Amino acid sequence: MTQTRSKSQIAYDWIRERIETRQFSPGYRLVLDVLARQLGVSTVPVREAIRLLEAEGLVTFERNVGAQVAFIQEQEYLHTMQTLALVEGAATALSAPRITGDHVARARAINDQMAESLKDFDPQRFTELNLAFHTVLFEECPNPHIVDLVHRGWKRLAVLRDSVFGFVPGRAQESVDEHEALLRLLEAGQTPLTIELAARDHRLGTLNAVLAYQADRQRHATSNADR
């Protein structure tokens, strides 16, 4: 009994580490036999480890598919994105009066790279550029506490899951378009409130795209289970 639990814990730690370091990326299938061979154990402790990870929301199980790395921790992602929409919107609005033509040019150059990357899409690279773009727009915020909250939000997103653009690819083009619209508002000298609402809606647009994707997956899973 003790030996089995020990092997289960070893399997749990091993799989979890690979999920957290993204060696096992979202959607990665966790095949019992393969994992058992890699760990040098039977499938029993691996199955137990996967059940624990499923209970934590790191793994999902679908009929006819099996266990796979979860795409996202839904509730935590929801709360993080809602918070980030508020604080990043505020940071961008407070930055607006300090944004110069140089800032806009830097941000537009990054957005152009994002648009170019759509031709040979790399979700992770797109996400890195996305952070760089937004950093230009909120880095002049005079309130360091708000800026700290924004950085914490981005770091939390990075821990939760890999780029959402990998499984909601249509959102990438929309983001590029919304970035350009935001830059035009800044160039036109729109009010901080207008800037804040635009930045907030942009962040919530990604959240809504992910929620719609998750709801669609759930409908398909329910439909398949009823067959």
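This tour goes through a predicted model stop by stop, saying what to select and what is found there.

Because the model is predicted, local features are described only where pLDDT is at least 70, side-chain atom pairs count only at pLDDT 80 or more, and totals for chains, interfaces and linings use all residues. Residues are numbered from 1 along each chain as its sequence is written, and side-chain values use heavy atoms, with hydrogens and water left out.

**The whole chain**

Begin by showing the protein chain as a cartoon, where you can count 9 helices and 2 strands; helices (H or I, at least four residues) and strands (E, at least two) are DSSP runs, numbered from the N terminus. Followed from the N terminus, the elements come in the order α-α-α-β-β-α-α-α-α-α-α. If you switch to a surface view, the accessible surface comes to about 12,200 Å², and 52% of it belongs to carbon and sulfur atoms; such areas come from the Shrake-Rupley method with a 1.4 Å probe, and for residues only the protein chains shown count as cover. Of the 227 residues in the chain, 41% are buried, where buried means under 20% relative accessible area, exposed means over 50%, and partly exposed lies in between (1.4 Å probe, protein chains only). Among the contacts in the chain with a separation of 6 or more, 74% are between residues 24 or more positions apart, a contact being heavy atoms within 4.5 Å.

**Helix 2 and helix 3**

Next, select residues 32–39, which form helix 2, together with residues 43–55, which form helix 3; their axes come within 9 Å and cross at roughly 115°. Axes are lines fitted to C-alpha atoms, for helices over the stretch in contact, and the angles run from 0 to 180 degrees between N-to-C directions. Helix 2 is therefore roughly perpendicular to helix 3, since angles under 35 degrees count as roughly parallel, over 145 as roughly antiparallel, 65 to 115 as roughly perpendicular and the rest as oblique. This crossing of helix 2 and helix 3 is right-handed; a crossing is left-handed if the near helix is turned anticlockwise from the far one by less than a right angle, and right-handed if clockwise. Show the side chains, and you will find Leu32, Asp33, Leu35, Ala36 and Leu39 of helix 2 meeting Thr43, Val46, Arg47 and Ile50 of helix 3. Sorted by class, the contact of helix 2 with helix 3 has 6 nonpolar, 1 polar and 2 charged residues, where Ala, Val, Leu, Ile, Met, Phe, Trp, Tyr, Cys and Pro count as nonpolar, Asp, Glu, Lys and Arg as charged, and the others, Gly among them, as polar.

While helix 3 is on screen, pick out Pro45, which lies in that helix and counts as buried because its relative accessibility is 3%. Add Ser6 to the selection: its C-alpha atom is 8.5 Å from that of Pro45, although the two residues are 39 apart along the chain.

**Strand 2**

Move on to residues 66–69, which make up strand 2, and select Gln68 within that strand. With a relative accessible area of 8%, Gln68 is buried. The C-alpha atoms of Gln68 and Arg29 are separated by 4.2 Å, with their positions 39 residues apart along the chain.

**Helix 5, helix 6 and helix 8**

Now select helix 5 (residues 101–117) and helix 6 (residues 123–138), whose axes come within 9 Å and cross at roughly 165°. Helix 5 is therefore roughly antiparallel to helix 6, and the crossing of helix 5 and helix 6 is left-handed.

Keep helix 6 and add helix 8; here the axes come within 12 Å and cross at roughly 15°, so helix 6 and helix 8 are roughly parallel to each other. On helix 6, Phe126, Asn130, Phe133, His134 and Leu137 meet Ala172, Val176, His179, Leu182, Leu183 and Leu186 of helix 8. By class, the contact of helix 6 with helix 8 has 8 nonpolar, 3 polar and no charged residues.

**Two last residues**

Select Phe165, in the loop between helix 7 (144–160) and helix 8 (170–187); Phe165 is buried, with a relative accessible area of 4%. Leaving out residues up to four places away in sequence, Phe165 touches Phe121, Pro123, Phe126, Thr127, Asn130, Arg171, Ala172 and Ser175.

Finish at His202 in helix 9 (residues 192–226), which counts as buried at 5% relative accessibility. With residues up to four places away in sequence again left out, His202 touches His134, Arg171, Ser175, Glu178 and His179.
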